[in-house]
Amino acid sequence: NKWNFFFSVYALRRVGIFPTIGLNHTILTTIARAAVPFALSGIFVRVYSYIDTVLLQHMRGDLEVGWYSVPYKITYAFQFIPMALSAALFPALSAAWKQDRARMGWVFGRALRYSILLVLPITFGIAALAPEIILTVYGKEFINSIVPLEISIFGLVFMFLYFPVGALLNSTDRQRANTVFMGITMAVNILFNLFLIPRFGAVGASIATLITNAFLWLGTLLWAMRITPLPTGIVSTGIKSLVAASAMALVVLEGKHLAPWPLSILAGALVYGVCIWALRAITREDFLEFTKLFRKLSPSADSSNQQST
């Protein structure tokens, strides 16, 4: 971070921008105050992201840490997807917060829909193939990682859904509320780990992670609904996507016994795509808007009238 800061200052000086900024004590104080919640959020996230491993090692030993680390890494490997979505969302939500509150709610709703449509097939697919993934990639020595993976991967659902909510809070000057929820989540995570790890080991740590992610998402969502109501059609999208993901999981579970399991992934993906299209959980317009969002282009005002069910 220090390197990034000093390099940025150097680059600004090279192009002659930095001297014209005119930083004074008032501006520096304002920036510092605004940065505090984000700094604390980073600390809280670090703590509750790693405290489970520390407690697991202390209470159950290195072997259980190894069994837990594998599903942990697999789960968090997908975190870049909602992070990319959040990075694209933040400027659009910030601009809409000042200019058009209705459009802000629409952008927020689209982000939630895309998160649901993306995360459910990933989650159900990995849960259905957890034994094959663990035994093929890591070997029989990690057979005790299968159940923790089957549990931990469902925490990915709440992780995906949290990022649009967090982006909404941060872009509407509610970063303090977001930080408070993260602090409470950290405490909840520690308490559940202290209770579950001595009894269930790596499985207990996985359960604690799942509960923690759900708690953070639900708490921040309830606060976000004070800013904008829950977008129309979100519940419907969730139900339709859940039906499609369940159908996909059934195909994968049956297919992996009839053919090499990598082929069942293709069959499952095809079933999921057909189901969400047939149920109208996604339309052609969604694909276009999804592309625009990741290119950080604001949707047109006319698009807000296009609602899919």
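Here is a quick briefing on the fold, two pockets and a few individual residues of this protein. The model is a predicted one. It's a helix-and-loop affair: the protein has 13 helices and zero strands. Of the 309 residues, 46% are buried.

**Overall fold**

- Walk along the sequence and you meet the pattern α-α-α-α-α-α-α-α-α-α-α-α-α.
- Take the contacts with a separation of 6 or more: 80% of them link residues 24 or more positions apart.
- As for the surface, the protein exposes about 16300 Å², with carbon and sulfur atoms supplying 69% of that area.

**Largest pocket**

- This pocket holds about 710 Å³ of space.
- Its lining runs to 28 residues, and those nearest the centre are Val-45, Gln-79, Tyr-162, Phe-163 and Met-182.
- Who builds the wall? At least two lining residues apiece come from helix 2 (25–60), helix 3, helix 4 (80–99), helix 8 (155–171), helix 9 (175–200) and helix 10 (202–224).
- Helix 2 gives the largest share of that lining, with nine residues.
- Sorted by type, the lining of the largest pocket has 16 nonpolar residues, 11 polar ones and one charged.

**Second largest pocket**

- Here the space comes to about 270 Å³.
- The second largest pocket is lined by 14 residues, and Ile-116, Leu-161, Trp-217, Ile-234 and Gly-238 sit nearest its centre.
- Helix 5, helix 8, helix 10 and helix 11 each put at least two residues into this lining.
- The chemistry of this wall is easy to sum up: 13 nonpolar residues, one polar and no charged.
- Helix 8 and helix 10 are thus worth a look in both places, since each supplies at least two residues to the lining of the largest pocket and at least two to that of the second largest.**Helix 5 and helix 6**

- Thr-123 belongs to helix 5 (residues 101–128).
- Is Thr-123 buried or exposed? Thr-123 is buried, because its relative accessible area is 0%, and the cut-off for buried is under 20%.
- Leaving aside residues up to four places away in sequence, Thr-123 touches Ile-153, Phe-154, Leu-156 and Val-157.
- Next along is helix 6 (residues 130–137), whose buried residues are Ala-130, Glu-132, Ile-133 and Ile-134.
- Those buried residues of helix 6 pack against helix 3 (62–76), helix 5, helix 7 (146–152), helix 11 (234–258) and helix 12 (261–278).
- After helix 6 comes Gly-139, with a positive phi near 95°.

**Positive phi outside glycine**

- Most residues other than glycine have a negative phi, so the next two residues are ones to check by eye.
- Asp-173 has a positive phi of about 65°, even though it is not a glycine.
- You'll find Asp-173 in the loop between helix 8 and helix 9.
- Asp-173 counts as exposed because its relative accessible area is 55%, and exposed means over 50%.
- Arg-280 is also not a glycine, and its phi is positive at about 60°.
- The loop between helix 12 and helix 13 (284–294) is where Arg-280 sits.

Note on methods: Residues are numbered from 1 along each chain as its sequence is written. This is a predicted model: local features need pLDDT of at least 70, side-chain atom pairs count only at pLDDT 80 or more; totals for chains, interfaces and linings use all residues. Side-chain values use heavy atoms; hydrogens and water are left out. Helices (H or I, at least four residues) and strands (E, at least two) are DSSP runs, numbered from the N terminus. Buried means under 20% relative accessible area, exposed over 50%, partly exposed in between (1.4 Å probe, protein chains only). Contact means heavy atoms within 4.5 Å. Accessible areas come from the Shrake-Rupley method with a 1.4 Å probe; for residues, only the protein chains shown count as cover. On a 1 Å grid over the protein atoms alone, a cavity is a set of points where a 1.4 Å probe fits but cannot get out, and a pocket is an open set with protein on both sides within 12 Å along at least five of seven lines; lining residues have an atom within 4 Å of a point. Grid points are joined across faces, edges and corners, and a volume is the space filled by probe spheres set on the points. Ala, Val, Leu, Ile, Met, Phe, Trp, Tyr, Cys and Pro count as nonpolar, Asp, Glu, Lys and Arg as charged, and the others, Gly among them, as polar.
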